[in-house]
Each structure stands twice: as C-alpha cells, then as structure tokens.
Amino acid sequence: MRPDRSIRPDVETAARENLAAVLAADIAPEEIQPDVGLTAIYGLTSLNKVLFLTSLCRDTGVDTAHLTEDDLARMHTLRDCVHILSRHVPAGA
C-alpha cells in the first residue's frame with residue numbers, strides 16, 4: 001500500500017494529541033484508530049469537536065476561516081480530519 005501523500009505526518013500527530021486531550025475516555029494518542037467514527041466509537045460531542053478542531057488548527061497554523069461547512073460535515077474520522085486540514089496548512093508550517 002502506498003502512503004497517502006496528501007496527509008502530512010505532523011498534522012496527524014497533532015490531530016491524535018488534540019483528539020486524545022478532549023475525549024472522555026483515557027486513550028493514548030497512538031491508540032486512536034484513524035478510520036473509526038469519532039462520534040460513534042470515541043463519543044466525541046459537538047462541543048468537544050469544536051475544541052478539538054480549534055486547538056488542532058492553532059497547532060498546525062491553519063486559519064479556521066479556511067474550513068467550510070462541507071469540510072466540517074465530512075470530518076467523521078481522524079483520517080478525514082487530517083486529510084482535510086492537511087490541504088490548508090500554510091507553506092513552511
């Protein structure tokens with residue numbers, strides 16, 4: 001399997017750390033499965049999704065204004081979040 005070049009490893013690391021910080025369950029960042037539902041499996045609430053995305057954008061240098069409603073609606077898994085945010089990371093960040 002070839003790596004997905006549209007996903008930045010630094011964004012994935014930041015996403016794992018920020019997601020683990022807002023989850024009610026005590027899950028280590030490296031144990032988060034990239035393709036499972038954030039709401040259904042990890043119990044991510046709407047408020048925690050906002051906190052997660054706000055801190056992830058801050059840590060990756062992404063201006064939250066770049067995220068559209070469609071982007072937010074498509075963020076169901078960690079991989080979705082990383083893929084979408086990776087497109088908006090400023091050059092050199």
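**Exercise 1. The crossing of α2 and α4**

Determine the handedness of the crossing of α2 and α4 in this predicted model, and describe the contact between the two helices.

*Solution.* Step 1: the crossing of α2 and α4 is right-handed. Step 2: two packed helices are described by the angle between their axes and the distance between the axes. Here the axes of helix α2 (residues 46–60) and helix α4 (residues 78–86) come within 12 Å, crossing at roughly 40°. Step 3: angles under 35 degrees count as roughly parallel, and those from 65 to 115 as roughly perpendicular; α2 and α4 are therefore oblique to each other. Step 4: on the side of α2, the contact is made by F52, L53, L56, C57 and T60, and on the side of α4 by L78, C81 and L85. Step 5: sorted by class, the residues of this contact are seven nonpolar and one polar, with no charged residue.

**Exercise 2. The buried residues of α4**

State which residues of α4 are buried and which helices they pack against.

*Solution.* Step 1: the buried residues of α4 are L78, C81, V82, I84, L85 and S86. Step 2: these buried residues pack against α1, α2 and α3 (69–73).

**Exercise 3. The cysteines**

Establish how many disulfides the model contains, and examine C57 and C81.

*Solution.* Step 1: a disulfide is a covalent bond between the sulfur atoms of two cysteines. The cut-off needed here is a pair of cysteine sulfur atoms within 2.5 Å. Step 2: by this rule the count is zero disulfides. Step 3: for C57, the nearest cysteine sulfur is that of C81, 9.7 Å away, and C57 is in no disulfide. C81 is likewise in no disulfide, its nearest cysteine sulfur being that of C57. Step 4: buried means under 20% relative accessible area. C57, with a relative accessible area of 2%, is therefore buried. C81, with a relative accessible area of 1%, is therefore buried as well.

**Exercise 4. The packing of α1 and α2**

Describe how α1 and α2 pack, giving the angle, the handedness and the residues that meet.

*Solution.* Step 1: the axes of α1 and α2 are 9 Å apart, and the helices pack at an angle of about 145°. Step 2: the crossing of α1 and α2 is right-handed. Step 3: from α1, the residues V11, A14, A15, N18, L19 and V22 take part; they meet N48, L51, F52, S55, L56, R58, D59 and T60 in α2. Step 4: by class, this contact has eight nonpolar, four polar and two charged residues.

**Exercise 5. Three individual residues**

Locate A21, T77 and H88, and relate each to other parts of the chain.

*Solution.* Step 1: A21 is found in helix α1 (residues 9–22). Exposed means over 50% relative accessible area; at 65% relative accessibility, A21 therefore counts as exposed. A21 and F52 are 31 residues apart in sequence, with their C-alpha atoms 8.0 Å apart in space.

Step 2: T77 lies in the loop between α3 and α4. Its relative accessibility is 11%, so T77 counts as buried. Not counting residues up to four places away in sequence, T77 touches P34, D35, V36, G37 and L38.

Step 3: H88 lies in the segment after α4. Leaving aside neighbours within four places in sequence, H88 is in contact with V62, H66, L67 and D71. The C-alpha atoms of H88 and T60 are separated by 9.2 Å, while the two residues are 28 residues apart along the chain.

Key. Residues numbered from 1 in each chain as written. Predicted model: local features only at pLDDT ≥ 70, side-chain atom pairs only at ≥ 80, totals over all residues. Heavy atoms only, no water. Helix = DSSP H or I, 4+ residues; strand = E, 2+ residues; numbered from the N terminus. Buried < 20%, exposed > 50% of the residue type's maximum accessible area, 1.4 Å probe, protein only. Axes fitted to C-alpha atoms, helices over the stretch in contact; angles between N-to-C directions. Parallel < 35°, antiparallel > 145°, perpendicular 65-115°, else oblique. Left-handed = near helix turned anticlockwise from the far one by under 90°. Contact = heavy atoms within 4.5 Å. Nonpolar A, V, L, I, M, F, W, Y, C, P; charged D, E, K, R; others polar.
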